[in-house]
Amino acid sequence: MKTLKLVPANTAIGFIRHRTIAMSLSLVLVIASIGVFLANGLNFGIDFRGGTLIEASAESPVDLGELRGRLGALNLGEVQIQEFGKNTDVLIRIAEAEGATDASNNLSAVERVRGELARDFDVRRVEIVGPQVSAELIQTGLMAVVAAIASMLIYIWFRFEWQFSVGAVLALVHDVALTIGIFAMLQLDFNLSILAAILTIVGYSMNDTVVVYDRVRENLRKYKKMDLSELLNIAINETLSRTVMTSVTTMLALLALYLLGGEVIRGFTFAMIWGVIVGTYSSIFIASPLLMLLGVKRDWSGTQVN
Amino acid sequence: MLHFSKFKITGIALLMLVGVMFALPNFMREETRLSLPDFVPSGTLNLGLDLQGGSHLLLSVDTDSVQRERLEDLTSDIRLALRGERIGYSGLSRIDNGVSVTIRDAADMEKAATVLQDLAQPVSGGVLTSFEQRADLDVENTQGQTFVLRATPDAIAARNTRTVQQSIEIIRRRVDELGTTEPTIQRQGEKRILVQVPGLDDPERLKALLGQTAKMNFHLVDQTINGYDVVGGKRPPAGSRLVYTDTEPEVPYVIRRRAIVSGERLVDASVGFDQQTNAPEVNFRFDTLGGRKFGEVTQANIGRPFAIVLDDKVISAPIIQSAILGGSGRITGNFSVQEANDLAILLRAGALPAPMSILEERTVGPGLGADSVAAGRIALIVGFFAVIGFMVVSYSLFGLFANVALIANLLLIMAVLSGLQATLTLPGIAGIVLTVGMAVDANVLIFERIREELALDKAPIIAIDMGYSRALSTIFDANVTTFLAAIILFQLGSGPIRGFAITLAIGIVTSVFTAFVLTRLFVALWLRRQGKPEALPL
């Protein structure tokens with residue numbers, strides 16, 4: 001039986017030869033991401049900024065202007081209204097009042113909005129995050145990303161050599177930076193589930209990188225005299241078929257989620273899809289070429305071949 | 001790598017059987033499930049609040065108020081103790097988290113030290129592991145003749161724990177009155193309480209019930225001064241203070257500080273209706289002691305008003321028509337039936353030991369939850385078929401093996417989630433869909449490796465063997481990293497995110513097992529039947 005091979009056997013693509021182009025491109029993208037982040041900032045959701053979010057659904061298409069007028073009359077401060085998935089559904093965001101210490105303001109705001117919407121809307125979801133909780137979520141969120149990256153650094157160091165761990169972590173930082181960059185550029189809602197997506201991307205991208213590195217290590221033992229750039233290139237080519245296959249299966253599952261999984265997790269799946277693309281790219285074009293720059297120990301005679 | 005002993009095969013089969021048994025209840029109808037014998041697992045996946053609808057509230061208990069009360073009590077204890085021993089003192093005052101007092105006469109210092117030290121009591125209800133009983137007060141002669149008394153950290157911690165535990169008890173009573181099924185009420189961190197109530201149709205009412213301290217006291221109204229005069233700037237007489245009604249506009253009342261009877265003496269409360277006006281009212285009953293006290297005071301004050309004060313707001317201030325001797329009474333106010341009902345609930349459940357505030361709320365309506373379940377299910381089915389189709393196209397028979405392993409994997413995830421009674425959330429479903437995509441990775445690694453070995457002109461059996469053994473360390477390293485990410489995610493997460501981390505972590509373990517052990521078994525069994533194949537369907 002003839003099987004589908006997305007990547008032909010025995011490829012010899014010169015990934016390492018083009019490393020300057022790839023690395024410059026990535027460097028530009030990372031700097032651009034940081035720039036966009038500094039210029040636009042992230043569109044933080046209520047998880048991180050505090051405030052109230054109400055999802056409501058009407059029988060007929062919603063006139064956003066009219067609804068804006070009705071809610072504006074309640075004097076709730078900054079209110080954002082947007083369509084959510086369908087034209088009958090809306091997402092209402094009410095900003096945190098200045099100087100609030102608990103969620104009491106938001107609670108009364110919700111009560112008033114509920115009252116106003118009661119006659120023609122079904123309130124499907126209410127989320128209120130008080131300032132104390134949002135501050136903690138920012139803190140734990142940052143800590144989690146740092147902890148995730150640090151634990152990868154240590155694990156790879158432990159299993160490989162320090163050059164590998166630095167290379168892998170730089171690739172991770174690259175992925176995280178580009179993900180934050182796209183969220184800053186498109187001003188997509190950045191909430192707790194996006195943070196979860198970033199951590200999953202960290203895991204996924206690391207997974208990809210480790211597979212390539214594993215082959216690099218194996219080849220370092222096998223070809224003791226081979227030029228490092230050629231050796232790295234062989235490792236990438238040998239694992240290329242697997243890298244592409246896994247990205248495709250993961251992408252298939254993610255696309256199903258993105259298209260059919262509903263509006264609530266669309267942001268999450270978008271981040272994941274982006275992360276899989278970036279993570280796959282960085283494992284091939286960034287993580288391995290970085291080993292060239294960092295220089296790798298060539299004498300592996302003391303270590304065992306498994 | 002390809003040799004499986006009978007023993008091993010039986011082990012794998014048994015494990016799968018247990019997996020199927022734990023997963024099976026999810027596919028049964030409710031009645032069938034309940035009629036299962038006890039030794040068969042019958043738990044199903046626990047749907048998170050985002051899937052079944054419900055309210056998640058994070059409350060913060062103002063434990064500081066209890067500590068403040070304790071310091072106030074301590075201040076009067078010190079006063080009584082020093083007076084009792086006739087020790088002169090001055091400057092008895094509360095300082096930041098303690099009480100300070102200066103002894104007048106240096107000769108009294110030693111006695112004062114003993115008296116003050118005697119106020120300390122062992123910490124009750126503290127940590128069980130420490131056998132050494134610690135004192136709840138730290139008495140320190142800071143300078144000259146001044147003593148500073150502070151609550152010890154142990155005492156503060158024990159008191160906070162007690163306050164939070166009492167609060168949880170009261171919250172449980174209040175929530176139970178709403179008649180919802182299986183609310184979760186648990187302490188989180190030092191002074192927070194997480195309340196999760198599934199399938200609630202009126203979350204606003206829940207919040208209204210939880211937001212009130214419900215401290216009810218009965219006070220006499222001080223008639224020597226008009227409330228509006230005090231608002232205008234006059235000082236209320238000593239022993240009296242100003243409170244307002246909860247109505248709009250507020251009406252000021254001056255009440256005696258000392259309560260006639262406190263709400264703690266209430267034993268029951270229920271809704272009733274006024275016989276003439278048919279307006280809703282709340283009937284209550286005191287315990288014996290409270291009833292007697294209430295009777296005495298009302299008897300002595302016929303014709304005068306008294307105030308029923310709830311959380312420092314006057315809810316009713318009737319004139320005492322006659323002595324109320326039976327130990328029961330009624331509160332009439334401008335209640336709606338629901339308001340009267342809620343007040344009765346609050347009075348029955350008792351007052352919270354400290355005020356609470358709501359820090360976070362996440363409420364999902366049942367409609368959205370059902371939509372999410374439906375969407376998640378469709379995404380899972382479509383993603384699943386896309387992946388298995390792709391695997392067969394790419395690896396033919398071996399792809400089929402991987403697909404059987406994938407199905408086994410989903411069953412095992414379901415089994416573990418049901419067995420652990422873990423909660424399945426919408427991000428959790430996303431985690432499973434993602435696992436479907438990533439689970440085949442281990443097999444992809446192995447199959448690609450086998451292809452490589454075949455390309456080196458190795459015999460099929462050797463190639464398979466090498467493929468499995470060489471891929472093992474890669475699979476291990478690659479999955480440990482994702483697993484680490486899942487653990488950190490779990491630590492970080494609240495509710496839904498935790499659900500994602502759990503399914504991701506379980507998915508990693510089950511997918512490595514199914515990919516590495518189960519497909520290897522299939523391949524080995526297939527090879528046994530084939531003898532020595534010339535080429536592999538790969």
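This tour proceeds through the structure one selection at a time.

The model is predicted: local features require pLDDT of at least 70 and side-chain atom pairs count only at pLDDT 80 or more, while totals for chains, interfaces and linings use all residues. Residues are numbered from 1 along each chain as its sequence is written, and chains are lettered from A and ligands numbered from 1 in the order in which they are written.

**An open sheet in chain B**

Select β3, β4, β6 and β5 of chain B; in that order, these four strands form an open sheet with antiparallel pairing. Helices (H or I, at least four residues) and strands (E, at least two) are DSSP runs, numbered from the N terminus, and two strands pair if DSSP finds at least two bridges between them. At the edges stand β3 (89–95) and β5 (137–143) of chain B, each with a single partner strand, so one side of each has no neighbour in the sheet. From one strand to the next, the twist averages 20 degrees.

Now select residues 98–103 and 146–151 of chain B, which are β4 and β6; five bridges pair them in the antiparallel sense. Here B:Thr102 is found opposite B:Thr146 of β6(B).

Add helix α5 of chain B, residues 109–119, which packs on the sheet and touches β4, β5 and β6 of chain B; its direction makes about 155 degrees with that of β5(B). Contact requires the C-beta atoms of two residues, placed from the backbone, to lie within 7 Å. Angles run from 0 to 180 degrees between N-to-C directions, and axes are lines fitted to C-alpha atoms, for helices over the stretch in contact. Next, select helix α4 of chain B (residues 63–84): this helix lies across β3, β4 and β6 of chain B and runs at about 170 degrees to β3(B).

**A covered strand**

Which residues of β9(B) are buried on each side? Select β9 of chain B, residues 216–220: B:Met216, B:Phe218 and B:Leu220 are buried on one side, and B:Asn217 and B:His219 on the other. A residue is buried if 20 or more other C-beta atoms, placed from the backbone, lie within 10 Å of its own, exposed if 12 or fewer, and partly exposed in between.

Strand β9(B) pairs with β15 of chain B (residues 306–310) in the antiparallel sense over five bridges, and two bridges join β9(B) to the antiparallel β12 of chain B (residues 261–262). B:Asn217 has B:Val309 as its bridge partner in β15(B) and B:Ser262 as its bridge partner in β12(B).

**Where the chains meet**

Display both chains: 65 residues of chain A are in contact with 64 residues of chain B. On the side of chain A that touches chain B, α8(A) provides the largest share, 14 residues.

Select α8 of chain A (residues 228–260) and α12 of chain B (residues 426–455), whose axes come within 8 Å and cross at roughly 160 degrees. These helices are therefore roughly antiparallel, a term for angles over 145 degrees (under 35 is roughly parallel, 65 to 115 roughly perpendicular and the rest oblique). Among the residues making the contact are A:Met245 and A:Leu252 of α8(A) and B:Val433 and B:Val440 of α12(B).

Finally, select β5(A) and β18 of chain B (residues 356–364), two antiparallel strands joined by five bridges. A:Ile128 is placed opposite B:Glu361 in β18(B).
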